[in-house]
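Visitor: I've got a structure up on the screen and a handful of questions about it. Mind walking me through it?

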Amino acid sequence: MAKKALIEKWKKEPKFSTRRYNRCKLCGRPHAYMKKFGLCRICFREQSYAGAIPGITKSSW
């Protein structure tokens, strides 16, 4: 879980546009972010297993 201060800092507009970076919408994690879903890999895995993301299923072959 990200620090609340960092999440609040991330929400406001940066002084320069190049200083913006992506964070997970659920937990605020800045690393392993999936742009298509707006989630980090950990939250993506939990949400996909729960069936909260349409069209995503566990692969099997």
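**A tour by question**

Guide: Sure, and keep in mind that this is a predicted model. Let's begin with charged pairs: searching the whole structure turns up one salt bridge.

Visitor: Which side chains meet in that salt bridge?

Guide: A pair counts when a side-chain nitrogen of Lys or Arg lies within 4 Å of a carboxyl oxygen of Asp or Glu. Here the N to O distance is 2.5 Å, so the pair qualifies. The two partners are Glu13 and Arg20.

Visitor: Is Glu13 buried or exposed? And how does Arg20 count?

Guide: The cut-offs are under 20% relative accessible area for buried and over 50% for exposed, with partly exposed in between. Arg20 comes out at 48%, so that one is partly exposed. Glu13 has 62%, so Glu13 is exposed.

Visitor: In what order do the elements run from the N terminus on?

Guide: The protein has two helices and two strands. Starting at the N terminus, their order is α-β-β-α.

Visitor: How does the radius of gyration of the protein sit against the globule rule?

Guide: For 61 residues the rule gives 10 Å, and the protein is well over that, so it is more spread out than a compact globule. The C-alpha atoms fill a box of roughly 50 × 20 × 15 Å along the principal axes. The radius of gyration itself is 14 Å.

Visitor: What share of the 61 residues is buried?

Guide: Let's take the surface before the inside. The accessible surface is about 5400 Å², and 55% of it belongs to carbon and sulfur atoms. As for buried residues, they make up 21%.

Visitor: Now helix α2: which residues are buried there?

Guide: This helix covers residues 41–50. Its buried residues are Cys43, Phe44 and Ser48. They span an arc of only 130 degrees around the axis, which means they sit on the same side of α2.

Visitor: And what covers the buried residues of α2?

Guide: Turn to the other face for a moment: away from the buried side, α2 carries the exposed residues Arg45, Glu46 and Ala50. Over the buried residues, the cover includes the strands β1 (33–34) and β2 (39–40).

Visitor: Last one: which residue follows α2?

Guide: Look just past the end of the helix, where there's a residue with a positive phi, near 85 degrees. That residue is Gly51.

Notes:
Residues numbered from 1 in each chain as written. Predicted model: local features only at pLDDT ≥ 70, side-chain atom pairs only at ≥ 80, totals over all residues. Heavy atoms only, no water. Buried < 20%, exposed > 50% of the residue type's maximum accessible area, 1.4 Å probe, protein only. Helix = DSSP H or I, 4+ residues; strand = E, 2+ residues; numbered from the N terminus. Arc of directions from axis to C-beta. Contact = heavy atoms within 4.5 Å. Rg over C-alpha atoms; globule rule 2.2 N^0.38 Å. Areas by Shrake-Rupley, 256 points an atom, 1.4 Å probe, with all protein chains shown as cover.
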